[in-house]
2 protein chains.
Amino acid sequence: MGKVRFSISVSIDGYMAGPRQSIEDPLGVGGMQLHAWAFELEAFQRMHGCEGGVVNASTQIVDEHFAGAGAVAVGQNMFGGQPGPWGSGGWRGWWGEDPPFHLPVFVVTHHPRAPLRMGGGTTFHFVTGIEAALEGARGAAQGKDVVLGGGARPHPTVSGGRPRRRDRVSLVPVLLGAGERPFEGLRGAVPRLAQDRVVEAPGVTQLRYRVVL
Amino acid sequence: MGKVRFSISVSIDGYMAGPRQSIEDPLGVGGMQLHAWAFELEAFQRMHGCEGGVVNASTQIVDEHFAGAGAVAVGQNMFGGQPGPWGSGGWRGWWGEDPPFHLPVFVVTHHPRAPLRMGGGTTFHFVTGIEAALEGARGAAQGKDVVLGGGARPHPTVSGGRPRRRDRVSLVPVLLGAGERPFEGLRGAVPRLAQDRVVEAPGVTQLRYRVVL
């Protein structure tokens with residue numbers, strides 16, 4: 001059975017999104033800064049069908065991110081940048097018609113809707129609750145790894161104490177002052193981690209942890 | 001004029017101390033884990049008049065910490081591990097009679113008391129408000145750097161927007177789940193940081209930032 005890969009970009013003050021998330025500010029005010037290190041990469045641009053960009057120490061991090069994965073589970077904000085109901089506009093997410101996942105993507109939402117089949121092999125499935133998303137993603141992954149995406153809600157507890165192969169934190173030298181915290185509300189079985197790899201890259205420190213308990 | 005050095009150990013979920021700080025648990029429940037990387041160092045043991053310990057990539061971090069500094073400013077918890085009044089027991093802090101500072105130390109407290117002269121050149125001065133502590137420390141430092149210590153309260157805003165030469169964060173692979181956050185309550189002039197140095201060390205990632213604005 002595949003493992004779960006958890007991966008986030010966080011500010012030094014521990015936010016994975018800024019305050020007041022909306023369609024205009026899918027990562028909240030100031031939140032885009034958390035991903036500037038990725039946007040500038042050739043590997044990222046290529047993944048989104050674009051050209052240009054740089055190659056640096058973060059390239060291997062992005063290349064590894066989806067390599068060999070079978071499905072993705074993300075928060076609603078990661079799909080659409082919108083915490084409330086979907087409305088009637090037929091909003092198809094902020095990734096465009098050919099999202100970079102190329103995999104089944106299970107979106108955790110309080111507002112279920114029919115699956116959304118996009119270009120390039122990405123289908124968005126909308127489910128209620130992270131456990132349902134993980135279950136769906138595990139089934140769709142057929143033994144491969146599930147990538148737990150960076151929408152502001154899924155955090156380490158969601159893997160239900162099961163071992164996760166890879167916890168990746170991209171620590172960005174930014175202070176947001178407010179926003180969404182990835183590890184909020186840890187209660188009871190707090191996972192024990194061991195530092196596995198540290199990569200210094202331009203504008204970001206790429207950290208990887210193993211779950212040891 | 002010397003600069004301010006800000007230095008903290010934080011958990012992955014962004015706490016610099018655990019919950020329920022007390023004399024018994026000066027760093028709160030679980031908080032000592034944040035400093036395990038330091039305690040095991042020969043450099044740390046030597047600084048506290050002890051022998052033994054290891055030498056690793058964190059050694060230079062500890063060696064640099066007080067090198068060339070002229071004074072220290074800390075929170076009350078860093079002095080004594082006690083958020084309330086001092087009581088009548090003549091509590092002289094949890095560092096023993098020969099604290100490792102060997103410098104004037106300005107303790108921010110809501111409960112002023114007379115200065116406390118310890119062995120080895122350390123004198124604790126108790127002042128109200130971080131600005132008063134910084135002012136006292138700057139005067140005592142006579143042009144050298146002021147080390148801003150890791151008690152849970154002094155955070156980056158205390159430097160009042162003045163440039164600080166060195167922001168050091170020791171990121172520890174631990175999830176505390178609750179406790180004191182170092183960067184809480186940033187409002188207005190949030191400092192802009194640039195990643196300056198990353199050192200991978202056993203059980204900790206040693207990060208250094210420059211303030212660019």
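Two strands are said to pair if DSSP finds at least two bridges between them. Helices (H or I, at least four residues) and strands (E, at least two) are DSSP runs, numbered from the N terminus. The model is predicted: local features need pLDDT of at least 70, side-chain atom pairs count only at pLDDT 80 or more, and totals for chains, interfaces and linings use all residues. Residues are numbered from 1 along each chain as its sequence is written, while chains are lettered from A and ligands numbered from 1 in the order in which they are written.

**Exercise 1. Find which residue stands opposite A:Arg117 in strand 5 of chain A, and describe the hairpin of strand 4 and strand 5 of chain A.**

Step 1. Start with the pairing: strand 4 and strand 5 of chain A are antiparallel, with 2 bridges.

Step 2. Now look across from A:Arg117, and you will meet A:Thr123 of strand 5.

Step 3. Follow the turn: 5 residues lie between the two strands of this hairpin, and A:Gly120 takes a positive phi near 70 degrees there.

**Exercise 2. Work out the strand order of the sheet in chain A and name its edge strands.**

Step 1. Take stock of the elements. Chain A has 5 helices and 9 strands, and from the N terminus they run β-α-α-α-β-α-β-β-β-α-β-β-β-β.

Step 2. Lay out the sheet. It is open, has 9 strands with mixed pairing, and its order is 4-5-3-2-6-1-7-9-8.

Step 3. Check the ends: strand 4 (116-117) and strand 8 of chain A each pair on one side only, which makes them the edge strands.

Step 4. Test two of the parallel pairs. Strand 3 and strand 5 of chain A share 5 bridges, and A:Val105 has A:Phe124 of strand 5 as its bridge partner. Strand 1 (residues 4-11) and strand 7 of chain A are joined by 7 bridges, with A:Ser11 bridged to A:Val172.

As a reminder, strands of a sheet pair through backbone hydrogen bonds, either parallel or antiparallel.

**Exercise 3. Which strands of chain A do helix 3 and helix 5 lie across?**

Step 1. Set the criteria. Two residues are in contact if their C-beta atoms, placed from the backbone, lie within 7 Å. Axes are lines fitted to C-alpha atoms, for helices over the stretch in contact, and angles run from 0 to 180 degrees between N-to-C directions.

Step 2. Trace helix 3 (residues 59-66) of chain A: it lies across strand 1, strand 2 (69-75), strand 6 (145-148), strand 8 and strand 9, at about 120 degrees to strand 6.

Step 3. Do likewise for helix 5 (residues 130-141) of chain A, which lies across strand 2, strand 3 (104-108), strand 5 (123-127) and strand 6, at about 165 degrees to strand 2.

**Exercise 4. Determine how chain A is related to chain B and what the contact between them is made of.**

Step 1. Superpose the copies by least squares on the C-alpha atoms of residues with pLDDT of at least 70 in both. A rotation of 180 degrees with 0.0 Å of shift along its axis brings chain A onto chain B, at an RMSD of 0.0 Å. This is the relation of a two-fold axis.

Step 2. Locate the axis: A:Gly14 is the residue of chain A that comes closest to it, at 2.8 Å (C-alpha).

Step 3. Count the contact: chain A gives 22 residues and chain B gives 22 residues. Strand 7 (166-172), strand 8 (193-201) and strand 9 (204-211) of chain A each give two or more residues to its side, and the largest share, 5 residues, comes from strand 8.

Step 4. Sort the side of chain A by type: 14 residues are nonpolar, 5 polar and 3 charged. Here Ala, Val, Leu, Ile, Met, Phe, Trp, Tyr, Cys and Pro count as nonpolar, Asp, Glu, Lys and Arg as charged, and the others, Gly among them, as polar.

Step 5. Compare the two sides: 100% of the interface residues of chain A are also interface residues in chain B, so the copies meet through the same surface.

**Exercise 5. Is B:Leu176 buried or exposed, and which residues does it touch?**

Step 1. Place the residue: B:Leu176 sits in the loop between strand 7 (166-172) and strand 8 (193-201) of chain B.

Step 2. Apply the cut-offs. A residue is buried if 20 or more other C-beta atoms lie within 10 Å of its own, exposed if 12 or fewer, and partly exposed in between, with C-beta atoms placed from the backbone. B:Leu176 has 27 such neighbours, so this residue counts as buried.

Step 3. List its contacts: leaving out residues up to four places away in sequence, B:Leu176 touches B:Ser11, B:Asp13, B:Tyr15, B:Gly18 and B:Gly30.
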